[in-house]
Amino acid sequence: MGEAETFEALRLELRRGSLVLAVLARLRSEQYGYSLRMALAEDGIEMEESTLYPLLRRLESQGLLTSEWREEAKRKKRFYRLSAEGEAVLARLHAEWRRISASLETVLA
Amino acid sequence: MTLIDRYLAAVAAQLSAAGRDDVVAELRDDIMSRIEARQEGLGRDLTPDEIETILREIGHPLAVAARFGSGPQQLIGPELFPWWMFGVKVGLIVLVAITLFSVLIKTISGQDLSQAIGQGFASLFSGAMTLIGVATAAGYIIERQGEKPSFITNWRVRDLGFFEVARLDAEGFNHALGSGAGAPESVRKTQRMSPVARALSSAVAAAVLTAWWAGAILFGGVPLNEWVVVVAGVDYTHAVRETVSLIFWPVVVYGVSRVLFDVFRAANPRAVRLAAVGDIALACARFVFTAWLLLISPLSRALEVGDLRQALERTWDTVQTGFQSGVWSLSGIVVMIMVMSLLEPAGRILISLVRLVTGVDRRLEPSR
């Protein structure tokens, strides 16, 4: 495996855990799948459909999201939003993220 | 049917009925949103090729559907895989040992050595494939249970010597079986296989041997009841086949009982008295079986052994002649092995009786 491939594999590994945080944070305001993906892409976080939709289902089954089907622009869309439990988990994850980030900055300095 | 419908139908076909419509509807909305965004940018409708490009970007239906699956995405997960690998390695060691034994017996029975080795390789290959298939099926089922078996988390350091059996070299094997070759001096002095490790190794060996006896695994490419046994011009084939047919089911029952008993022992290492009762029952079965084989079975008639006195005399003659002339009669060796096999269960019964009365198994005491 060349250096570029090794870096890419490690980069994907590094960002995998942070995707949940990004999705939860974006869903503080209501979004449907496509609009969420676009919003994340604008933030610099690209996610494939086959990653995003199963993740949304898992987070919903864990009680962190709520969803409802509504018609918009003549099509039925499923809208997601952070639940009260999701808000609490997001706040804790955010604190953990800051702690890890600070620790890593110290290590990497 | 449009390209999008065909794509979604392929995804839907891989999904379980529960939630299928939901997933497909959401994917459809995503695809349509993508297409509309692209059309808006281009100021025209997309061609079928461009739509196909979008669908290919989303991913193959098999991969996309798999991501929506609720169960594990692998046959055997990373937590269970080392156990699967270990079980397969131990099973392969037992298979190789049985194959070598089978080749030896066939050669002694008068079969051409190269033919016996060829059949041995063929049956070892098919046996290994069966073993790996069965282990994978078992791993697949365990992987999908809500709770993993307790042996994954409830392990003891004193049992770990057994796991070195999987080092596929002579040094590792000797070490694991207790001689400790290759281990540091301090480790060799204290190493002893615990009852749990013994029970597990016994269960694996008994399972493979029972599978071989029942015909699930063929060694030598020929079922046991079709073996041709001719030694020094004497044809024992009829006696062997008759004996095998008479004891087929009793041996299967014994083998299954042995595996169940060993699993029980591994799960309940402190149940000394219950283990002693099981040991006595199984040893009695072995004693009766060996005595029958030696004194009553068709094989004993073929070996011309009428009673225990004759068997002992035959054993003594075999040893005397062997040492004096250097010629060892195979039938004499078989009788000698059977006589000695009577001693093993007798000794086991005595030891187990002591454990039953005292409730103490010294192997359970911590090593110092």
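**Interface, sheet and helix packing in a two-chain model**

In this predicted model, the contact between the chains draws 14 residues from chain B and eleven residues from chain A. On the side of chain B that touches chain A, the elements giving two or more residues are α2 (20-42) and α4 (61-68) of chain B. The largest share of that side, eight residues, is supplied by α2(B). Sorted by class, the side of chain B that touches chain A comprises seven nonpolar, two polar and five charged residues.

Chain A has a mean pLDDT of 91, with 99% of its residues at 70 or more. Among the elements of chain A, the lowest mean pLDDT (89) belongs to helix α1 (residues 3-26) and the highest (94) to helix α4 (residues 84-108) of chain A.

Chain A also contains an open sheet of three strands in the order β1-β3-β2, paired in the antiparallel sense. Strands β1 (31-32) and β2 of chain A stand at the edges, each with a single partner strand, so one side of each lacks a neighbour in the sheet. Strand β2 (residues 65-72) of chain A runs antiparallel to strand β3 (residues 75-82) of chain A, and eight bridges join the two. Within this pairing, Tyr80(A) of β3(A) stands opposite Ser67(A). The hairpin of β2(A) and β3(A) has two residues between the strands, and Ala73(A) takes a positive phi near 50 degrees there. The antiparallel pairing of β1(A) with β3(A) extends over two bridges. Here Gln31(A) has Tyr80(A) in β3(A) as its bridge partner. Tyr80(A) thus appears in both pairings, opposite Ser67(A) and as the bridge partner of Gln31(A).

In chain B, helix α5 (residues 81-108) packs against helix α6 (residues 113-143) at an angle of about 155 degrees, and their axes are 9 Å apart. An angle over 145 degrees counts as roughly antiparallel, and α5(B) and α6(B) are therefore roughly antiparallel to each other. The crossing of α5(B) past α6(B) is right-handed. Residues of α5(B) that make the contact include Trp84(B), Gly87(B), Val88(B), Gly91(B), Leu92(B), Leu95(B) and Val96(B). From α6(B), the contributing residues include Leu113(B), Ala116(B), Ile117(B), Gly120(B), Leu124(B), Gly127(B), Ala128(B) and Leu131(B). By class, the residues in the contact of α5(B) with α6(B) are 14 nonpolar, nine polar and one charged. Lys106(B) of α5(B) is also among the residues of this contact, as are Ala135(B) and Gly139(B) of α6(B).

Notes: Residues numbered from 1 in each chain as written. Chains lettered and ligands numbered in written order. Predicted model: local features only at pLDDT ≥ 70, side-chain atom pairs only at ≥ 80, totals over all residues. Contact = placed C-beta atoms within 7 Å. Helix = DSSP H or I, 4+ residues; strand = E, 2+ residues; numbered from the N terminus. Nonpolar A, V, L, I, M, F, W, Y, C, P; charged D, E, K, R; others polar. Pairing = 2+ DSSP bridges. Axes fitted to C-alpha atoms, helices over the stretch in contact; angles between N-to-C directions. Parallel < 35°, antiparallel > 145°, perpendicular 65-115°, else oblique. Left-handed = near helix turned anticlockwise from the far one by under 90°. pLDDT = per-residue confidence, 0-100.
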